[in-house]
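I am opening a notebook on a structure that is new to me. I will look things up one at a time and write down what I find.

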Amino acid sequence: MEGARTNSKFQYMVKALEEMEQNYLIWEENILEAPADAWTVVNGKKVLMLCSNNYLGLANDERLRRAAIKAIEKYGAGSGSVRPIAGTMKIHIELEEEMAKYKRREACVVFQTGFTANAGSIPQLVDQGDLIVSDELNHGSIIDGIRLSRAEKRIYKHKDVSSLDKILQDESRKYNKILIITDGVFSMDGDIAPLPDIVKICEEYNAILYVDDAHGDGVLGENGRGIVNHFKLEGRVDIEMGTFSKAFGCVGGYIASSEIVCKYLKNKVRPYLLTGSHPPPVAAACLEAIKIVQQDESLFEKLWENTRYFKKELVSLGFDIGESQTPITPIIIGENKPTKELAKLLFEEGIFVTPIFYPMVPKGRSRIRTIVTAQHDKQTLDIALNAFEKCARKLKII
Ligand SMILES: Cc1ncc(COP(=O)(O)O)c(C=O)c1O
């Protein structure tokens, strides 16, 4: 019944899916049947996880689990409301205060996800008569935020400061305000934005600077404070956005900035005003994660030791790892079919990685995106490297 109705009304979807299937563009869901640890169970098979953003291994950390359970016992399973009505519990405020302290900013606003932080905040920061200038490889949530805004947009070439400068030279006088947005660490390539140069340009043109540090938090800087701390730019970046869904092992997004900016966002951003707030165990686990990263430096040391080792070995095997400078290491293959085949062969060898293709990356730049975490060690990475070598040779990729 359902099938017949769907097929007649949604023929365009059937066609689109067929076309995607032919071009190897369909996402097949992999089902985890255990926590997202270095060793986990996916689709019924024990595998070595090499594609999670759980950089510090906190997703299944005992301390986060305990904090979440304690919060359920104290506050219950849900908040029952949106933040401005009756959904702000003390745990939400504690989380915002701790994050502001960690990022060394005056204030912080927490959103349901990083995606909603971007898609909800960007349209409120600018208006008609303003200009947004964005890196061409910025995350999709930034792209959606720009689309939702009434401002004009210009895209500068990836990390190309002269391209950014040229746009501002040509256009800045025509607009009331200018908002420059960049990812800190680019999610599909693992390269780092040239933030010191971008800051200088922002200062020259009096532009507002917005940095998405989803992959810099917990990875770059002192105790993982992120890209602003990494480049010693504290006090010179207007708006820092980040997520709790990666290094902090939970879910949620935030913006850290001045009191004024955060108060404004809390009064303007629709996903803040109009969506239910985080369940208490989520807020509590996020809070615990920020406390841990401020105390435990060994997690970062392990993450970076693993990162350096894995990258070095991949390059010596002959893989193209692009421009990556962080634990996100793409293995660039190009076409979709061999990329998918490599992921499939690796899975058979017990290595869990996902093929990444358009629209997440440009056409012709398909890749396996690997991510090492603090939970790996040399022995587990060697298992992965041996499998990569064996499977890639079989497919004549190296
Ligand atoms: C650069 C970047 N920004 C934002 C997000 C969205 O974060 P979240 O998972 O919290 O929605 C992601 C996650 O994919 C990301 O990679």
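**Entry 1: the ligand shell**

I sorted the shell around the ligand by class and got two nonpolar, 10 polar and three charged residues. I note here that the model is a predicted one.

Next I asked which of the 15 residues around the ligand come nearest. They are Gly114, Asp212, His215, Thr243 and Lys246.

I then asked which element gives the largest share of this shell. Helix α6, residues 114–125, does so with three residues.

**Entry 2: polar atoms at the ligand**

I looked at the ligand's oxygen atoms. A backbone N or O atom of Gly114 lies 2.7 Å from one ligand oxygen atom. For His215, a polar side-chain atom lies 2.7 Å from an oxygen atom of the ligand. Ser245 also takes part, with an N or O atom of its side chain 2.9 Å from a ligand oxygen atom.

How much of the ligand does the protein bury? Taken alone, the ligand exposes 390 Å², and I find 85% of that buried by the protein.

**Entry 3: the second largest pocket**

I moved on to the second largest pocket and noted about 450 Å³ of space in it. It is lined by 20 residues, and the closest to its centre are Glu28, Lys340, Ala343, Lys344 and Pro355. Two elements give two or more residues to this lining: α15 (336–348) and β11 (351–352). The largest share, six residues, comes from α15. By class I list 10 nonpolar, three polar and seven charged residues in the lining of this pocket.

**Entry 4: the cavity**

How many cavities of 30 Å³ or more are there? I count one. The space in the largest cavity is about 60 Å³.

I wrote down the residues that line the largest cavity: Arg83, His92, Val110, Phe111, Gln112, Pro271, Tyr272, Ser277 and His278. Strand β3 (107–111) and helix α12 (270–273) each supply at least two residues of this lining. The lining divides into four nonpolar, four polar and one charged.

**Entry 5: Asn138**

I found Asn138 in the loop between β4 (131–135) and α7 (140–148). Is Asn138 buried or exposed? Asn138 counts as buried because its relative accessibility is 5%, and the cut-off for buried is under 20%.

I followed the side chain of Asn138 to two backbone atoms. The side chain reaches the backbone oxygen of Ile181 at 2.9 Å. A polar atom of the Asn138 side chain also lies 2.8 Å from the backbone nitrogen of Asp183.

**Entry 6: backbone oddities**

I checked the peptide bond that joins Tyr358 and Pro359 and found it cis, with omega about 10 degrees. Pro359 is in the loop between β12 (355–356) and β13 (366–371).

I then looked at positive phi values outside glycine. Tyr24 has a phi near 55 degrees. The place of Tyr24 is the loop between α2 (11–22) and β1 (39–42). Tyr24 counts as partly exposed because its relative accessibility is 34%.

Lys159 is not a glycine either, and has a positive phi of about 60 degrees. I place Lys159 in the loop between β5 (152–156) and α8 (161–171). With a relative accessible area of 25%, Lys159 is partly exposed.

Key. Residues numbered from 1 in each chain as written. Predicted model: local features only at pLDDT ≥ 70, side-chain atom pairs only at ≥ 80, totals over all residues. Heavy atoms only, no water. Near = heavy atom within 4 Å. Polar contact = N/O pair within 3.5 Å; in protein donor to acceptor, adjacent residues only side chain to side chain. Areas by Shrake-Rupley, 256 points an atom, 1.4 Å probe, with all protein chains shown as cover. Helix = DSSP H or I, 4+ residues; strand = E, 2+ residues; numbered from the N terminus. Nonpolar A, V, L, I, M, F, W, Y, C, P; charged D, E, K, R; others polar. 1 Å grid on protein atoms, 1.4 Å probe; cavity = no way out; pocket = protein on both sides within 12 Å on 5 of 7 lines; lining within 4 Å. Points joined across faces, edges and corners; volume = space filled by probe spheres on them. Buried < 20%, exposed > 50% of the residue type's maximum accessible area, 1.4 Å probe, protein only.
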